[in-house]
Amino acid sequence: GNWQHAVCSKDDLVITGGTYDVSAVEDAFRGKDCVKIADGSFTVEAGGDGFVSTNDEDETRGFVSIDGGTFDISAQDDGIQAYTHARLAGGEFSMDSGDDAVHSDGSASVAGGTYDITAVDDAFHAETTLEVIDGTARVVSCYEGLEAQCVYLRGGTVNRACNGRRRCGQRRFAFSRRVVLRSGCFFFRPRWR
């Protein structure tokens, strides 16, 4: 994509497998209504977002859903960006992003996968709710590992370190309203702010 996006759809973008080596001056993979990936091997260099869905007119559209695959993403903006919902349910991810690694203007869920993330801003960011069910993430970020108004931590592992671009000792997680941690039959519901 020497001018704008490399792979772009005005409706759905669905990938069920294959090997992709993509470079774009803007977004690498862009589907207006949705981006759905079941499998594949992706090497991505993007001047904008790596994977993005942008529909802000229909609340049932504008989502990114990934169920598996291998992803090596280098993006100047977000690695994965969704307008309504970002769903990650499997795969191996290596992401280096100039903003958030995973960003949703709505909600997001992590239900599996392995993540090696370097981000200038947040590793996982959602405007409303972020649910972590399973998965393992190693995060080097300037700001938070997880950020949302409400975060549900039901499982998985997130290890965070400072990348030196800001002072170490930043908050590991940022929650605007509340966080719910569940392990077995125990609920821990502290108030934030």
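Accessible areas here come from the Shrake-Rupley method with a 1.4 Å probe. On that basis, the chain in this predicted model exposes about 9300 Å², and carbon and sulfur atoms supply 43% of it. Let's work through some exercises with the structure open.

**Exercise 1. Describe the chain as a whole: how many helices and strands are there, and what percentage of the residues is buried?**

Step 1. Start with the secondary structure: the chain has 19 strands and zero helices.

Step 2. Turn to burial. Of the 193 residues, 47% are buried.

Step 3. Look at the contacts with a separation of 6 or more: 24% of them join residues 24 or more positions apart.

**Exercise 2. Find the largest nonpolar core and say which residues have the most contacts inside it.**

Step 1. The core contains 41 residues, and F51, I80 and F124 are those with the most contacts inside it.

Step 2. Strand 13, covering residues 107–119, gives the most to this core, with five residues.

Step 3. Now zoom in on F51. Beyond its neighbours within four places in sequence, its contacts include F29, V35, I37, F42, V44, F71 and I73. I80, named above as another residue with the most core contacts, is also in contact with F51.

**Exercise 3. Decide whether S97 is buried or exposed, then work out what its side chain meets.**

Step 1. Locate S97 in strand 11, which runs over residues 85–97.

Step 2. Buried means under 20% relative accessible area. S97 has a value of 3%, so this serine is buried.

Step 3. Check the polar atoms. A polar atom of the S97 side chain lies 3.2 Å from the backbone oxygen of D99 and one lies 3.3 Å from the backbone nitrogen of A101.

Step 4. Add the residues further along the sequence. Leaving aside neighbours within four places, S97 is in contact with A75, D77, D78, G79, T118, A119 and V120.

**Exercise 4. Classify D27 and T136 as buried, partly exposed or exposed, and list what each one touches.**

Step 1. D27 sits in the loop between strand 3 (19–24) and strand 4 (29–31). Its relative accessible area is 5%, so D27 is buried.

Step 2. Not counting residues up to four places away, D27 touches Q4, H5, A6, G48, D49 and V52.

Step 3. T136 belongs to strand 15, residues 129–141. With 39% relative accessibility, T136 is partly exposed.

Step 4. Outside the four places on either side in sequence, T136 touches G113, T114, Y115 and T157. Its C-alpha atom is 8.6 Å from that of D116, a residue 20 positions away along the chain.

Methods. Residues numbered from 1 in each chain as written. Predicted model: local features only at pLDDT ≥ 70, side-chain atom pairs only at ≥ 80, totals over all residues. Heavy atoms only, no water. Helix = DSSP H or I, 4+ residues; strand = E, 2+ residues; numbered from the N terminus. Buried < 20%, exposed > 50% of the residue type's maximum accessible area, 1.4 Å probe, protein only. Contact = heavy atoms within 4.5 Å. Polar contact = N/O pair within 3.5 Å; in protein donor to acceptor, adjacent residues only side chain to side chain. Core = buried A, V, L, I, M, F, W, Y, C linked by side-chain atoms within 4.5 Å.
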